[in-house]
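Hi,

Here is the structure I said I would pass on. Have a look at it first, and my notes follow underneath.

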Amino acid sequence: MREIRVHGRGGQGAVTAGDMIVIAAVMGGEFGSSFPLYGDARRGAPVVAFVAIDDQRIRLKTQVYTPDCLIVLDSRQKDWPETYKGVKSEGILVVNHTNTIEQQPHPNIIKAGAVDATQIAMEEIGIPAFNTCMLGAFAATTEWIELDSILGALEKTFSGEILKKNIKSAERGYKEVKGSSW
């Protein structure tokens, strides 16, 4: 089982991103589970979504205490020690950040993908709705889910013009993510 923790702030789409990862995993023939943990139930408060994907049924419904991958929507959270709490050795980080991650952010992180998802979302969608861009970056960095499955999840979530914009955002996230390894 691969476990993912999505860190963000209320209104950034962390919960929706977690749900779309599960939809994409199921479309790719796997099983998935996702649920959120809200701090203060207000816009801007820290939010965490817990995601598990596997090729077998997932019976556990628990927080992700030892993630294989961290997706960080709010770049400020990449510097918070609690973001990395419990991350497994050989962990992966996918972060909304303007630059390549040069220094290893935590001893257990061996691979990172950084993409300026905020800028891409502003250019493609017109608002800072960058979670779909981050899904593309997640697919490229982890190689756990195909981009086509991510795009299929978008089709199940959005429609019309907003779907087209989010597809472009996810495709750019996939193409423009900058990787680092340690």
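Let me start with a loop: Glu 90 sits in the one between S4 and S5 (helices, H or I of at least four residues, and strands, E of at least two, are DSSP runs numbered from the N terminus). Before I go further, some housekeeping: this is a predicted model, in which local features need pLDDT of at least 70 and side-chain atom pairs count only at pLDDT 80 or more, while totals for chains, interfaces and linings use all residues. Residues are numbered from 1 along each chain as its sequence is written, and side-chain values use heavy atoms, with hydrogens and water left out.

Back to the loop. Glu 90 is not a glycine, yet its phi is positive, at about 65°. Glu 90 is also exposed, with a relative accessible area of 59% (exposed is over 50%, buried under 20% and partly exposed in between, using a 1.4 Å probe and protein chains only). Glu 143 is another non-glycine with a positive phi, of about 60°. You will find Glu 143 in the loop between H3 and helix H4 (147-157), and at 64% relative accessibility it counts as exposed. A glycine with a positive phi is Gly 126, just after H2, at about 95°.

Next, strand S5 (residues 91-96). 6 of its 6 residues are buried, so S5 is largely enclosed by the rest of the structure. Gly 91, Leu 93 and Val 95 point one way, while Ile 92, Val 94 and Asn 96 point the other. What does S5 pair with? On the one hand there is strand S4 (residues 69-72), which runs parallel to S5 and is joined to it by 4 bridges (strands pair if DSSP finds at least two bridges between them). On the other there is strand S6 (residues 109-115), also parallel to S5, over 6 bridges. Leu 93 is a handy residue to click on: it stands opposite Leu 70 and opposite Ala 112 in S6.

Helix H2 (residues 117-124) has Ala 117, Ile 120 and Ala 121 buried. Seen down the helix axis, the buried residues of H2 fall within an arc of 100°, so they line one face (the arc is that of the directions from the axis to the C-beta atoms). Their cover includes S5, S6, helix H3 (131-142) and helix H5 (160-176), where contact means heavy atoms within 4.5 Å.

Now the empty spaces. On a 1 Å grid over the protein atoms alone, a cavity is a set of points where a 1.4 Å probe fits but cannot get out; a pocket is an open set with protein on both sides within 12 Å along at least five of seven lines, and lining residues have an atom within 4 Å of a point. Points are joined across faces, edges and corners, and a volume is the space filled by probe spheres set on them.

There is 1 cavity of 30 Å³ or more, with a volume of about 70 Å³. Its lining includes Met 1, Phe 35, Phe 50 and Ile 58, and S3 gives the most to it, with 3 residues.

The largest pocket comes to about 310 Å³. Of its 18 lining residues, Arg 5, His 7, Leu 37, Val 48 and Glu 82 lie nearest its centre. S3 gives the most here too, with 4 residues.

Cheers
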